[in-house]
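Visitor: I am new to reading protein structures, and I would love a tour. Could you show me the one you have here?

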Amino acid sequence: DLPASFVVTGVSPEFVDVRIEVTAADKTSTVYRVKVFFDPLSCEVPCGNSTCTSCGNGTCNGLTGTCDCNPSYFGNDCLAYCPGTPHPCSQHGICDVGSKGCECDATFTGDDCTVRECPTCEK
């Protein structure tokens, strides 16, 4: 007995024809056609004291039920803007989804942490 499996790679709000071919030990095969409905999952993210189904700056992946964020956006709801090349915050800070932006290292500033600034002098 061989295990049978398949991988779902997408969802559709309609029935899709799936072709299954079964080959026996004697090399004879039978083809089955099945209509399958993959109901998309909703993307529920925290929204105040409840949940929302918005992905902000991204799209809902109906297969996983999570948000796929546009470039430079992060977090469960894709609302944290952390630009930078080649990495978020230009490797001079961290992307803080709580504050929805970059938290830059000392002597760096700007949306993407690329602007150098002089440290504050203490007397």
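Visitor: Thanks! Let me start with a single residue: is C118 buried or exposed?

Guide: Happy to help, and please keep in mind that this is a predicted model. To be called exposed, a residue needs over 50% relative accessible area. C118 has a relative accessibility of 72%, so C118 counts as exposed.

Visitor: Let's step back a little. How many helices and how many strands are there in the protein?

Guide: Going from the N terminus, each element in the order is a β, from the beginning of the list to its end. The count for the protein is therefore 0 helices and 12 strands.

Visitor: What share of the residues is buried?

Guide: The protein has 123 residues. A residue is buried when its relative accessible area is under 20%. The share of buried residues is 16%.

Visitor: And what part of the accessible surface belongs to carbon and sulfur atoms?

Guide: The accessible surface of the protein comes to about 9300 Å². Of that surface, the part belonging to carbon and sulfur atoms is 53%.

Visitor: Which residues make the nonpolar surface patch of about 320 Å²?

Guide: Two strands are good places to look, β1 (15–23) and β2 (29–37), since each supplies at least two residues of the nonpolar patch. One of the patch residues is I20, placed in strand β1, and I20 is partly exposed with a relative accessible area of 38%. The patch is made by I20, V22, Y32 and V34.

Visitor: Now for the cysteines. How many disulfides does the structure hold?

Guide: A disulfide is a covalent bond between the sulfur atoms of two cysteines. One of those here joins C89 to C102. The number of disulfides that the structure holds is 6.

Visitor: How many residues apart in sequence are the parts that C55 and C67 tie together?

Guide: C55 and C67 form a disulfide, with their sulfur atoms 2.1 Å apart. C55 lies in the loop between β4 (50–52) and β5 (58–61), while C67 is in strand β6 (residues 66–69), so the pair ties together parts whose separation in sequence is 12 residues.

Visitor: Why is that disulfide of C55 and C67 called left-handed?

Guide: The clue is the torsion about the S-S bond. The disulfide of C55 and C67 is left-handed because that torsion is about -80 degrees.

Visitor: Are C55 and C67 buried or exposed?

Guide: The cut-off for buried is under 20% relative accessible area. C55 has 6%, and C67 has 14%. Both values fall under the cut-off, so C55 and C67 are buried.

Visitor: What about C69 and C78: which of the pair is buried, and which is partly exposed?

Guide: These two also form a disulfide, with their sulfur atoms 2.1 Å apart, and with -90 degrees about the S-S bond the link is left-handed. C69 has a relative accessible area of 29%, so C69 is partly exposed. At 0% relative accessibility, the buried one is C78.

Visitor: Where do C89 and C102 lie?

Guide: The sulfur atoms of C89 and C102 are joined at 2.1 Å, and both residues are buried. Their pair ties together parts that are 13 residues apart in sequence, because C89 lies in the loop between β8 (80–81) and β9 (93–96) and C102 in strand β10 (residues 101–104).

Visitor: The side chain of S90 reaches a backbone oxygen: of which residue?

Guide: S90 lies in the loop between β8 and β9, and at 10% relative accessibility S90 counts as buried. Not counting residues up to four places away in sequence, S90 touches P83, G84, T85, D112 and T114. The backbone oxygen that the side chain of S90 reaches, at 2.9 Å, belongs to D112.

Visitor: Which residues is D77 in contact with, leaving aside its neighbours within four places in sequence?

Guide: D77 has its place in the loop between β7 (73–74) and β8. With a relative accessible area of 17%, D77 is buried. Leaving those neighbours aside, the contacts of D77 are V45, C55, G56, N57 and K100.

Visitor: One last stop: what distance separates the C-alpha atoms of N70 and Y81?

Guide: N70 lies in the loop between β6 and β7 and is partly exposed, with a relative accessible area of 38%. N70 and Y81 are 11 residues apart along the chain, and the separation of their C-alpha atoms is 9.8 Å.

Key. Residues numbered from 1 in each chain as written. Predicted model: local features only at pLDDT ≥ 70, side-chain atom pairs only at ≥ 80, totals over all residues. Heavy atoms only, no water. Helix = DSSP H or I, 4+ residues; strand = E, 2+ residues; numbered from the N terminus. Buried < 20%, exposed > 50% of the residue type's maximum accessible area, 1.4 Å probe, protein only. Areas by Shrake-Rupley, 256 points an atom, 1.4 Å probe, with all protein chains shown as cover. Patch = residues over 30% accessible without salt bridge, like charges linked within 9 Å, V, L, I, M, F, W, Y side chains within 5 Å. Salt bridge = Lys/Arg side-chain N within 4 Å of Asp/Glu carboxyl O. Disulfide = S-S within 2.5 Å. Contact = heavy atoms within 4.5 Å. Polar contact = N/O pair within 3.5 Å; in protein donor to acceptor, adjacent residues only side chain to side chain.
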